[in-house]
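User: Hi! I am new to protein structures and would like to know how the descriptions of this one are justified. Could you walk me through it?

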Amino acid sequence: MAFFKKFGEKLRTIFKSRKIDEEFFDELEDTLIEGDLGSRLTDEIVETLRKEAKENKLTEATELQEKMKQILSRYVKPYEFSFDDKLAVWMILGVNGVGKTTTIAKMAKYFTKRGQRVLLAAGDTFRAAAVDQLEIHANRLSMRIVKQSTGSDPGAVIFDAITSAIAQKDTLVLADTAGRMHNKENLMKELKKMDKIIKAKNIAPDHYKKFLVIDATTGQNGLSQAMLFDEAVKLDGVILTKYDSAAKGGALVQIGKLLSLPIVFVCTGEGYDDIKPFDKEEYLDSLMGLSD
Ligand code: GDP
């Protein structure tokens with residue numbers, strides 16, 4: 001399935017049946033900027049392709065297409081998850097509206113289907129609607145959920161969830177977190193509390209992960225969110241939603257280049273099964289208009 005159709009088509013057209021000349025490089029540059037690849041990465045791509053063309057005396061633009069894919073390929077990587085019998089705790093972060101609650105439900109179903117024992121933690125205690133919504137998903141999917149009343153301490157919810165998960169021999173806690181646009185101090189403060197709880201509960205440090213959910217349709221905004229959260233809490237990876245509605249997908253390469261963050265999942269719709277682990281080849285082919 002091809003994503004970022006419009007952008008991919010544009011890029012494919014640029015490389016198709018034409019000579020390498022200044023006009024080609026100008027057009028490529030404009031398109032990459034438009035596609036959210038950012039000026040630094042765009043410069044790097046254009047300069048590398050210029051060099052490649054010169055050194056190898058290339059004349060046809062199509063001869064540069066594979067090279068461009070190679071450059072992009074350096075910066076995107078999938079997150080490799082694995083589970084064992086020790087409890088893993090995943091904090092799911094993200095600003096309101098990106099699709100965080102839906103994604104938690106999708107992941108819960110995904111991992112349950114694959115043999116994990118999953119417990120949900122309604123850690124966004126600031127919005128009553130967030131707790132209710134996660135509970136609706138939990139009921140629909142017959143998942144267990146730990147919650148407290150609105151306004152209670154999110155740390156207490158996580159504490160309860162881990163206690164319950166250990167007692168029930170669960171393997172994965174998926175914790176929702178407050179989706180207000182955080183500032184760095186707030187984020188760091190909240191996280192410090194979480195770190196203490198995780199330590200007190202003897203969760204193996206490498207089993208405690210923080211993933212950021214980003215809405216793929218927001219492009220550069222998603223990149224800014226990733227930078228802010230990563231600086232504040234040191235993320236382990238990114239989950240991309242609304243991939244199905246995104247017109248361009250270049251911001252992902254920037255996230256990889258600037259933050260070296262792997263991509264865990266991509267979500268492609270509102271249904272519970274519209275989620276899959278990041279597929280690098282599929283992404284690159286879609287971005288470059290090389291898929292059917
Ligand atoms: P939250 O505020 O971050 O928890 O966001 P929600 O989970 O409530 O989702 C916000 C809206 O985005 C809802 O209408 C979801 O159905 C929709 N949504 C979530 N993920 C996807 C996706 O991958 N694709 C599409 N098209 N819509 C999505």
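Analyst: Happy to! Let's begin with a definition: Ala, Val, Leu, Ile, Met, Phe, Trp, Tyr, Cys and Pro count as nonpolar, Asp, Glu, Lys and Arg as charged, and the others, Gly among them, as polar. By that scheme, the shell around the ligand holds 3 nonpolar, 10 polar and 6 charged residues. Please keep in mind that this is a predicted model.

User: Which residues come nearest to the ligand?

Analyst: Of the 19 residues around the ligand, those are Lys100, Thr101, Thr102, Asp244 and Glu270. Helix α5, residues 100-113, gives the most to the shell, with 4 residues.

User: What makes the pair between threonine 102 and the ligand a polar contact?

Analyst: The cut-off for a pair of N or O atoms is 3.5 Å. An N or O atom in the side chain of threonine 102 is 2.5 Å from an oxygen atom of the ligand, so the pair qualifies. Glycine 97 offers a polar backbone atom 2.8 Å from a ligand oxygen. For lysine 106, a polar side-chain atom lies 3.5 Å from an oxygen atom of the ligand.

User: How much of the ligand does the protein bury?

Analyst: The protein buries 80% of the 590 Å² that the ligand exposes when taken alone.

User: Where does the ligand sit?

Analyst: The ligand sits in the largest pocket. To say "sits in", more than half of its atoms must lie within 2 Å of the pocket's grid points.

User: And why is the protein chain called as compact as a globular protein of that length?

Analyst: The chain has 11 helices and 8 strands. Its radius of gyration is 21 Å, close to the 19 Å from the globule rule for 292 residues, so the description fits.

Conventions:
Residues are numbered from 1 along each chain as its sequence is written. This is a predicted model: local features need pLDDT of at least 70, side-chain atom pairs count only at pLDDT 80 or more; totals for chains, interfaces and linings use all residues. Side-chain values use heavy atoms; hydrogens and water are left out. A residue is near a molecule or strand if one of its heavy atoms lies within 4 Å of it. A polar contact is a pair of N or O atoms within 3.5 Å; within protein, one must be able to donate a hydrogen and the other to accept it, and residues adjacent in sequence count only if both atoms are side-chain atoms. Accessible areas come from the Shrake-Rupley method with a 1.4 Å probe; for residues, only the protein chains shown count as cover. On a 1 Å grid over the protein atoms alone, a cavity is a set of points where a 1.4 Å probe fits but cannot get out, and a pocket is an open set with protein on both sides within 12 Å along at least five of seven lines; lining residues have an atom within 4 Å of a point. Helices (H or I, at least four residues) and strands (E, at least two) are DSSP runs, numbered from the N terminus. The radius of gyration is taken over C-alpha atoms; the globule rule is 2.2 Å times the number of residues to the power 0.38.
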